[in-house]
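Reader: I am new to this structure and would like to go through a few of its elements with you, step by step. Could we begin once it is on display?

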Amino acid sequence: MGQLAAFGGDGGFTRAAARLHLAQPGLSAQIRQLEKELGQPLLDRSHRSVTLTETGRAVLPYARAALAAADAVRETVDAYTGLLRGRVRLGLVSGAMGHAFDIASFLADFHEAHPALEIALTEDSSDRMQAALLAGELDVALLGPTEEATPPGLSFETVIDVPLAVLAAAGDPLFEGADGTSVPLAGLRDRALICLPRGTGVRAALERACGRAGFRPRVAFEAAAPHVLVQLAARGLGIAVLPGGEVHRGEDAAGSAAGGPALRSLTIAEPAIRARIALAWSSGGPASPAAKVLLDSLGRRLRESL
C-alpha cells in the first residue's frame, strides 16, 4: 500500500520512486503485484502521464493511512529499543539560562546516547518560540513565559522561578534610603534601566509590573546576554534588571576582577516581580517519539541540576 501512497495523486513513477527511495522499475513491479493480488487496476497507464484509476483513488486514503501507521510502528519500536532516528527541534531563549544550566553538556550527552538522532538548536525570543511551538516548527523550548497564564495550546513546566533584582554601581543614588535588601518598584521610575530585549519573560514581567504601578520603564540599553547587562551597569550606564541568580553572579564576577568596579544588588519589592524559565511543548504532546525522549531527558536533567 505504501507504493500507491507515494503517488500522492500527482502521477509519475519517477517522482513516486524518489519518495520511496526505489528504482523506477522496482516500484512498477511492486504495484503490478499489488494489482494482481487485488484483482483491480490501480493505475491508468494508457496515457503519457500515469494516473490513478477510480479504484486507485478510492484505495489511496487507506494506502496513506497504512503508510503512516507503518512509520509510527517503526518510530515506536525504535524508541523502545533505544534507537532514535530523525530530527528533533529544540528552542532556547536568548540568554535564558546564563550559567545556571549547561545546555552544551546536555546536548553532548544526549547525542552520545542517541547518535542517529539529529538535533536542531534554535536561539530566539520567547514570544517567537511560543508561536513556533504552536505552528509545529519547534518540538520543545526553554523560554521565559511572556504572559501570566499559559497560552492555549501549550504546556509549561517551570524550572526556574526567582525574584527580579537590580544591579548598579555601589554609589548609585538608588541605594540611598534602601533598607539594604530591597527597593520598591517605584524607585525605578524615570531611571535609566538596562534590560533584556522585548519578547523575553523578564522584559514582559517588568513592563507588566510597571504598567500596573502607573509608569512606563525607561529602558536605555538592552542586550540578550545577561553578562553584557552587568558590564553596562558596572560602567554606570544605568540600573540592570535581571533575575536574582544572574544579579548575584554579576556581583561575584565584579568582585573577583582585579580593580573591577563595586556593584550592589537589591531585590525589587512593593510589588515583588518573579522571573520564570519554563520547559514548553505543545499541549497535544511531542510530535514524535524522539521529541518525547528529548523532552523527558531535558526535564530530568533540569530538575537534577537546578
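Reader: Which residue with a positive phi follows α6, and what is that angle near?

Author: This is a predicted model, and the helix in question, α6, spans residues 126-134. After α6 comes Gly 136, which has a positive phi, near 80 degrees.

Reader: Why are the buried residues of α6 on the same side of the helix?

Author: The buried residues of α6 are Ser 126, Met 129, Gln 130, Ala 132 and Leu 133. An α-helix has 3.6 residues a turn, so residues three or four places apart point the same way. The buried residues lie on the same side of α6 because the arc they cover around the axis is only 160 degrees.

Reader: Which residues are exposed on the other side of α6, and which elements are included in what covers its buried residues?

Author: On that other side, the exposed residues are Arg 128 and Leu 134. The cover over the buried residues includes the strands β3, β4, β5, β6 and β12 together with the helix α7.

Reader: Is strand β11 largely enclosed or not, and how many of its residues are buried?

Author: Strand β11 covers residues 263-269, and it is largely enclosed by the rest of the structure, because the buried residues number 5 of the 7.

Reader: In which sense does β7 pair with β11, and what is the bridge partner of Ser 182?

Author: Strand β11 is joined to β6 by 5 bridges in an antiparallel arrangement, where Val 166 has Leu 266 as its partner. With β7, by contrast, β11 pairs over 3 bridges in the parallel sense, and the partner of Ser 182 in β11 is Thr 267.

Technical notes
Residues numbered from 1 in each chain as written. Predicted model: local features only at pLDDT ≥ 70, side-chain atom pairs only at ≥ 80, totals over all residues. Heavy atoms only, no water. Buried < 20%, exposed > 50% of the residue type's maximum accessible area, 1.4 Å probe, protein only. Helix = DSSP H or I, 4+ residues; strand = E, 2+ residues; numbered from the N terminus. Arc of directions from axis to C-beta. Contact = heavy atoms within 4.5 Å. Pairing = 2+ DSSP bridges.
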